[in-house]
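User: I would like to learn how to read the features of a model like this one. Could you take me through it step by step?

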Amino acid sequence: MTIGQPVDSTTTPPARIALDAAAIDAAAERIGGVVALSPLQISERLSAATGAQVYLKREDLQSVRSYKIRGAYNVMSMLTDAERAAGVVAASAGNHAQGVAYAARTMQIRSRIYVPTSTPKQKRDRIRWHGGDFVELISVGDTYDAAAAAAQADVLETGATWIHAFDDTRTAAGQGTMSKEIVEQLGRMPDLVVVPVGGGGAIAGMTTYLRSLSDQVRIVGVEPTGAVSLSAALVDGGPVTLSGIDPFVDGAAVKRIGGLGHRVMSEAGATVAHHPDLPQSGTVHRGHEKLPAGAVHITHVDEGAICSAMLELYQNEGIISEPAGALAVTALEDLPIEPGWTVVCLLSGGNNDVSRYGEVIERSLVHRGLKHYFLVDFPQEPGALRGFLNEVLGPDDDITLFEYVKRNNRETGAALVGVELGAPGGLSPLLDRMNSSRLICERLEPGSPAYRYLT
């Protein structure tokens, strides 16, 4: 991931309302009959791990399995008769699209929704189910930003009404209703609220509402390491386009943060955690900082760590979370949470395709240091593989992949070997045994082109 050029701010849609507590209160009234009051559940496991009272705001339990219905329904309920008649156009990685589709069918408004080709099939199927005959789904490009460009071209050509996923004050006001509910459900202000960040609409709305009530509450925004568009904007002084992103956390993989999200977080005095691709970042160092009262901080978590958090949520709490939905929970391990704090994590969505769990498990194992890949030249003689198993592999290690990749002579044959260790500390002894053997073993380093092809 590298930083591109600043984006012309004139591309940001004009504000239709002011984003303030009054707008969020009005949005809550507007969507109250449609959007569920999602549970605020204590997590005994995360509370024990942090020493705090950790609550999960369960937006995965909405009818569209994410909080995105809040902003989408708020915007569409405010459209004029002429705008409804013109139909609407939206772009989304999948969750906003479901909110728009639900609102389109409920209000009987024709809509065209653009999604990237990388959008999981589960999300595409749910968009069609929620929208029925009122939605035309169009897959284009491999990122949200590419889909958004196609949607904007549609708006210019047809005159349809643009329903932005995050860079619209009406959308952000709808998302901000989550903060209103959190405070009402707790009956007090939390000490810390942790929010996932993609385009910046949710954190803009939630920060606006929380700050209207207290200047002491701490707010942490969490981005995936492969798509730190808000961090880049705060470092650079304005929205910039990232030249490349990791699309795995599809619900938060945005190349350019919205102008609204950047403005709100800048005005809140947000600091940025260190990131290797952001040389000016690191005003506060992730993992070592304190979070004083009133702090607003933007951090990031690795995709592999997100996968581990997803698996923990599933195995311990029975919660099906998508990658973006687990962002806030993932960050808890690195945040300096003090005992006794009340902490709220936004579990933003549960639209995870079951077919992705193989990749989720793989990324988690790699992140935990348990999965490694090697190219091994085996002599073409009987017992060569048995020798590798007996002399090189440890007693708790396992071969998870074995595939010959080349046979170019009679003496040796190269094989791709995947090894899952019994414990992370087993790597060094394994490498020592490889070096002592007569086999030629080459480790495929994480981040290399060959390794990225594998994973």
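Analyst: Happily. Let us start with how elements are named: helices and strands are DSSP runs, numbered from the N terminus, with at least four residues for a helix and at least two for a strand. With that in hand, Q108 can be placed in the loop between α5 (95-107) and β5 (111-115). Keep in mind that this is a predicted model.

User: What is the sign of phi at Q108, and is the residue buried or exposed?

Analyst: Phi of Q108 is positive, about 55°, although the residue is not a glycine. Exposed means over 50% relative accessible area, so Q108, at 59%, counts as exposed. R65 is another non-glycine residue with a positive phi, near 65°. R65 sits in the loop between β3 (53-58) and α3 (68-77) and is partly exposed, at 31% relative accessible area. A glycine case is G269, just after α11, with a positive phi of about 75°.

User: Which residues of α11 are buried, and what covers them?

Analyst: Helix α11 covers residues 259-267, and its buried residues are G259, L260, G261, H262, V264 and M265. Their cover includes three helices, α8 (169-186), α9 (201-213) and α10 (229-236), together with strand β12 (296-301).

User: Where does S38 lie, and what does it touch?

Analyst: S38 is in the loop between α1 (21-31) and β2 (40-42). Buried means under 20% relative accessible area, so S38, at 1%, is buried despite its place in a loop. Setting aside residues up to four places away in sequence, S38 touches K57, R58, E59, Q62, R70, E181 and Q185.

User: How should I read a buried strand residue such as V343?

Analyst: Look at accessibility and then at the neighbours. V343 belongs to strand β13 (residues 342-347) and has a relative accessible area of 0%. Beyond its neighbours within four places in sequence, V343 contacts A52, Q53, V54, Y55, L192, V194, L332 and I337. V193 is 150 residues from V343 in sequence, yet their C-alpha atoms are 5.9 Å apart.

User: Which residues does P224 contact?

Analyst: P224, in strand β9 (residues 218-224), is buried at 0% relative accessibility. Leaving out neighbours within four places in sequence, its contacts are V197, V249, A252, H300, V301, E303, I306 and L327.

User: How many helices and strands are there, and how compact is the protein?

Analyst: The protein has 17 helices and 17 strands. Its radius of gyration is 24 Å, close to the 23 Å that the globule rule gives for 455 residues, so the protein is as compact as a globular protein of that length. Along the principal axes, the C-alpha trace spans about 80 × 50 × 40 Å. Buried residues make up 57% of the 455 residues. Of the contacts with a separation of 6 or more, 76% join residues 24 or more positions apart.

User: What does the domain assignment give, and how far apart are the centres of domain 2 and domain 3?

Analyst: The assignment gives domain 1 (21-66 + 168-359), domain 2 (88-159) and domain 3 (369-453). Taken over C-alpha atoms, the centres of domain 2 and domain 3 are separated by 45 Å.

User: And what about the surface and the charges?

Analyst: About 18600 Å² is exposed, with carbon and sulfur atoms supplying 50% of it. The protein has 39 positive and 52 negative charges, and their mean positions are 4 Å apart.

Conventions
Residues numbered from 1 in each chain as written. Predicted model: local features only at pLDDT ≥ 70, side-chain atom pairs only at ≥ 80, totals over all residues. Heavy atoms only, no water. Buried < 20%, exposed > 50% of the residue type's maximum accessible area, 1.4 Å probe, protein only. Contact = heavy atoms within 4.5 Å. Rg over C-alpha atoms; globule rule 2.2 N^0.38 Å. Areas by Shrake-Rupley, 256 points an atom, 1.4 Å probe, with all protein chains shown as cover. Lys, Arg positive; Asp, Glu negative; His and termini not counted. Charge placed at Lys NZ, Arg CZ, Asp CG, Glu CD. Domains from an automatic or database assignment.
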